[in-house]
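This report looks at helix packing, salt bridges and the nonpolar core of one protein chain. Please keep the sequence and the model at hand while reading.

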Amino acid sequence: MATTGETSAQLALRDPDIRLMLRVRDDEAGAFEELVERFQHRLVAVMHHLVSNAEEAEDLAQEVFLRVYRARKKYRPRSKFSTWLFTIANNLAVNCLRARQRKPAVPLTPHDSGPLGARPEEQLVKDRGDSPSQHMQQLELAAVVRRALDTLNERQRMAVVLNKFEDMNYAEIAEVMGLSTKAIKSLLSRARMNLRAALAGYFFMDGEPIPDEPAE
């Protein structure tokens, strides 16, 4: 987060993504395309982790970029650019998940990573070998972790994903989700308890509970 009294110029000096977004704001040729290229994979991956559907993740990511472009003239940096970007992403993902609750969803197979890379459960379960039996164990563990993640409510899952896959700390997650730092600590604490209970007796990454606690 920005230091109190820090100006837009000072933020821009520290954050190359802000400098890029300012170029987008000024309609510099090629700047928006560069921004999309820089963030598309990360954004689609996070959306995929949250909504568990590759096509929806792609659509949501495109909507995020569309909103960024539409808001470019009003952009004034107040914190890291990625925090602003994922705040937009969070709002869209929450709306998507709530809309899904009102209609049946088609479950995906837990081992279907697709072109976007490993799903959360596959990232949390590290590869311990290449033999067929070990690979099967990996898939079984991934399914267990998938079910564990599915037990989290939308806020807990969002906090876990931002922590685990964007390496955000309490303050950054709080800003993205529009909550207090204390609320984020509580969310992640409950998420860790839920995941420990769901994964009791199963594999833990590096011998530690999932997810890791973010830095202050």
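At what angle do the axes of helix α9 and helix α10 cross, and within what distance do they come?

## Packing of α9 and α10

In this predicted model, the axes of helix α9, residues 170-177, and helix α10, residues 181-198, come within 8 Å and cross at roughly 105°. Because angles of 65 to 115 degrees count as roughly perpendicular, α9 is described as roughly perpendicular to α10.

On the α9 side the contact is made by Y170, A171, I173, A174 and M177, while α10 contributes T181, I184, K185, L187, L188 and R192. Sorted by residue class, the residues of this contact of α9 with α10 divide into eight nonpolar, one polar and two charged.

## The nonpolar core

The largest nonpolar core holds 55 residues, and of these V64, F86 and M177 touch the most other members. Helix α3 supplies the largest share of this core, namely ten residues. M177, one of the three residues named for the core, is also among the α9 residues that make the contact with α10.

For V64 the surroundings can be listed in detail: when its neighbours within four places in sequence are left aside, V64 is in contact with L43, M47, L85, I88, A89 and L92.

## Salt bridges between distant parts of the chain

A search of the whole structure finds eleven salt bridges, including three pairs that are described here one after another. In the pair formed by D27 and R72, the side chains meet with an N to O distance of 2.8 Å. This pair links distant parts of the chain, since D27 lies in the loop between α2 (16-25) and α3 (31-51) and R72 in the loop between α4 (54-70) and α5 (81-100), 45 residues apart. Are D27 and R72 buried or exposed? D27 has a relative accessible area of 41% and is therefore partly exposed, whereas R72, with a relative accessible area of 14%, is buried.

The side chains of R42 and E166 likewise meet in a salt bridge, with 2.6 Å from N to O. Here R42 belongs to helix α3 and E166 to helix α8 (residues 154-166), and the pair links parts of the chain that are 124 residues apart. R42 counts as partly exposed at 32% relative accessibility, but E166 counts as buried at 13%. A further salt bridge joins R98 and E154, whose closest N and O atoms are 2.9 Å apart. Because R98 lies in helix α5 and E154 in helix α8, this pair ties together parts that are 56 residues apart in sequence. R98 counts as partly exposed, its relative accessibility being 41%.

## A salt-bridge network and the setting of E34

Which residues are linked in a network of salt bridges? The network consists of D17, R23, E28, E34 and R38. Of its members, E34 can be placed more fully: E34 is found in helix α3, and its relative accessible area of 29% makes it partly exposed.

Leaving aside its neighbours within four places in sequence, E34 is in contact with L20 and R23. R23 is thus named both as a contact of E34 and as a member of the network. As for L20, the C-alpha atoms of E34 and L20 are separated by 8.1 Å, the two residues being 14 residues apart along the chain.

Conventions
Residues numbered from 1 in each chain as written. Predicted model: local features only at pLDDT ≥ 70, side-chain atom pairs only at ≥ 80, totals over all residues. Heavy atoms only, no water. Salt bridge = Lys/Arg side-chain N within 4 Å of Asp/Glu carboxyl O. Helix = DSSP H or I, 4+ residues; strand = E, 2+ residues; numbered from the N terminus. Buried < 20%, exposed > 50% of the residue type's maximum accessible area, 1.4 Å probe, protein only. Contact = heavy atoms within 4.5 Å. Core = buried A, V, L, I, M, F, W, Y, C linked by side-chain atoms within 4.5 Å. Axes fitted to C-alpha atoms, helices over the stretch in contact; angles between N-to-C directions. Parallel < 35°, antiparallel > 145°, perpendicular 65-115°, else oblique. Nonpolar A, V, L, I, M, F, W, Y, C, P; charged D, E, K, R; others polar.
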